Amino acid sequence: MHRITSHQPHPLFNTAATRRLEKAAAAALPPHTLMQRAGLAVAQLAQALAPHARTVWIACGPGNNGGDGLEAAMHLQRSGRKVVVTWLGQPDTAPADARASWQRASDAGVAWADAAPDDLDANDLCIDALLGIGVSSSPQAPSRTPDARLQACLQALHHNLAPVLAVDLPSGLDADTGQFAAGLAPDTPHHRPPPPRHTLSLLNLKPGLFTATGRDAAGQVWLDDLGVAPGHERPNAWLSGPALPTPRAHASHKGSYGDVAVVGGEGLAARGMGMAGAALLAASAALHSGAGRVLVALLDDGHLQLDLQQPELMLRRFDALALEQLTVVCGCGGGQAIAHVLPEVITRATRLVLDADALNTIATQAALHALVVARGQHGQPTVITPHPLEAARLLGLTTAEVQANRLDAAQQLADQFNCVAVLKGSGTVIAAPDRVPAINPTGNARLATAGTGDVLAGMVGAHLAAGASALRAASEAVYQHGQAADVWPAGLALTASALARRVGG
């Protein structure tokens, strides 16, 4: 068993792959072996997480996930813990393995109760063994209305003060999408911070633990493979790891790290408001991420001649840019003015990052879509960096449909636009044609502030300019962007301008 951190990549397997692996392992091992191993793993982690718990309440569903909880109850009871179990199953209808674990728990003397104890506090522990991987958030899945006892257990898990350890998955969470099935989403009180949450993923790691609402629901993720190798199963996704160190040669110069041109920043004449800030944030991020030179072409009729805060940035007219020699970051604060330069940028730029208003414009013009696709056909590296609303516009979907399956949406973007797609959000997804998508493990809610997306676009541009492939540039930039937020000093507000200055540090 080990704790999952952002320090190394991990393969991720969806529900279908997990069930195949479970079936093969069960056939190869003596009866009840997997459940015994799972229950022991849960009990060991429970004791490590809450060594001084007065009471351990275990909510067990009627299936094999509940059986894992029953097996853990037996071990905890034998170790001298006060264990209270609410089991939603019945011996005569339970699966064979779960029935055997119920008998072992009964023989050990665990206490049975219809509901959670009333006096659970922050020193106790709740174990969620209700549903496991047995639910789907797909609109095509049969609707599931929780019965009264299941609903009561879910409410107790969400509202009590004790830490929660989920067995395999938080109950109701879709292992593939990171979204809760209808009727099973938590109703967590907002008047107080939630108690610590942990999830012990069994056999393998699931994508839903790391994207969409999964990160909040799962909390700290742990893995126990139960001694079962993945065999011939191929990962359905990867959890990204950190970039490899790339020390700079002493005998190098600014030309060794490429030139980035940021095109955007619609001005006063176009819409009665200035949006140069977004472009300057992207440029600052590119500069601090190591680009050799950073040029800025603001679409503001030349109002800004020099950024006094960042004199290293070179202001240029758009028509003066040698696009064929540049890595271009296009769209940050571009507004409606971006439409006039996009055909030229898409056609001529050697390497290209498309963000914000560039994406919104492409979503409305099929000809621009075709130009982006052609870049991939010609081997010109391209990265698009939409947030969910921009992704929805590009795909002709609603934001809710994009968020319902972020891995699938990112892959659709990559395939339809023949480029690397970065779908931003909790558990940012990086996808490319004919590649297994990756989920980024870094970042937090501090990034939920204006301008941080512009910073990311500039970072991707700097990585591209330095010679990284589009996929590597996107993956490394997204990881470093989130990591900067993860190590942000406590008590210091994270602003986009401050983030841009720290990303290379």
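User: Two strands pair if DSSP finds at least two bridges between them. In strand 7, which residue is the bridge partner of Ile127?

Analyst: The model is a predicted one. Strand 6 (residues 125-129) runs parallel to strand 7, and 3 bridges join the two. Within this pairing, the partner of Ile127 in strand 7 is Leu165.

User: Which residues point the other way from Val164 and Ala166 in strand 7?

Analyst: The residues of strand 7 point in two directions, and all four named here are buried. Val164 and Ala166 take one direction. The other is taken by Leu165 and Val167.

User: Over how many bridges do strand 7 and strand 8 pair?

Analyst: Val164 has Arg197 as its bridge partner in strand 8, and Ala166 stands opposite Thr199. The sense of the pairing between strand 7 (residues 164-167) and strand 8 is parallel. The number of bridges is 4.

User: In strand 9, which residue is the bridge partner of Leu200?

Analyst: Strand 8 also pairs with strand 9 (residues 220-224), in the parallel sense and over 5 bridges. Strand 8 itself (residues 197-202) is mostly covered, with 5 of its 6 residues buried. In strand 9, Leu200 is matched with Trp222.

User: Which strands stand at the edges of the open sheet of 11 strands?

Analyst: The order of this sheet is 2-10-19-18-17-16-15-14-11-12-13, with mixed pairing. An edge strand has a single partner strand, so one of its sides is left without a neighbour in the sheet. The two in that position are strand 2 (10-12) and strand 13 (314-315).

User: Which residue in strand 13 does Val296 stand opposite?

Analyst: Strand 12 (residues 293-298) and strand 13 run parallel and are joined by 2 bridges. Across from Val296 in strand 13 is Leu315.

User: What angle does the direction of helix 16 make with that of strand 17?

Analyst: Helix 16 (residues 470-486) packs on the sheet. The strands it touches are strand 16 (382-384), strand 17 (420-423) and strand 18 (429-431). With the direction of strand 17, the angle is about 20°.

User: How many disulfides does a search of the whole structure find?

Analyst: A disulfide here needs cysteine sulfur atoms within 2.5 Å. The closest cysteine sulfur to that of Cys126 lies 10 Å away, in Cys153, which is too far for a bond. Cys153 is in no disulfide either, with its nearest cysteine sulfur, that of Cys60, at 9.0 Å. The count for the whole structure is 0.

User: Is Cys126 buried or exposed?

Analyst: The cut-off for buried is under 20% relative accessible area. Cys153 has 3% and is buried. Cys126 is at 0% relative accessibility and therefore counts as buried.

User: Which helix gives the most to the largest nonpolar core?

Analyst: The largest nonpolar core has 59 residues, and those with the most contacts inside it are Val263, Val328, Cys330 and Leu354. The contribution asked about is 6 residues, from residues 406-417. These belong to helix 14.

User: How many residues does the second, separate core have?

Analyst: Beyond its neighbours within four places in sequence, Val328 is in contact with residues including Ala261, Val263, Leu323 and Val345. The second core is separate and includes Val260, Ala282, Ala473 and Ala496. Its number of residues is 48.

Definitions and conventions
Residues are numbered from 1 along each chain as its sequence is written. This is a predicted model: local features need pLDDT of at least 70, side-chain atom pairs count only at pLDDT 80 or more; totals for chains, interfaces and linings use all residues. Side-chain values use heavy atoms; hydrogens and water are left out. Buried means under 20% relative accessible area, exposed over 50%, partly exposed in between (1.4 Å probe, protein chains only). Contact means heavy atoms within 4.5 Å. Axes are lines fitted to C-alpha atoms, for helices over the stretch in contact, and angles run from 0 to 180 degrees between N-to-C directions. A nonpolar core is a set of buried Ala, Val, Leu, Ile, Met, Phe, Trp, Tyr and Cys residues joined through side-chain atoms within 4.5 Å.
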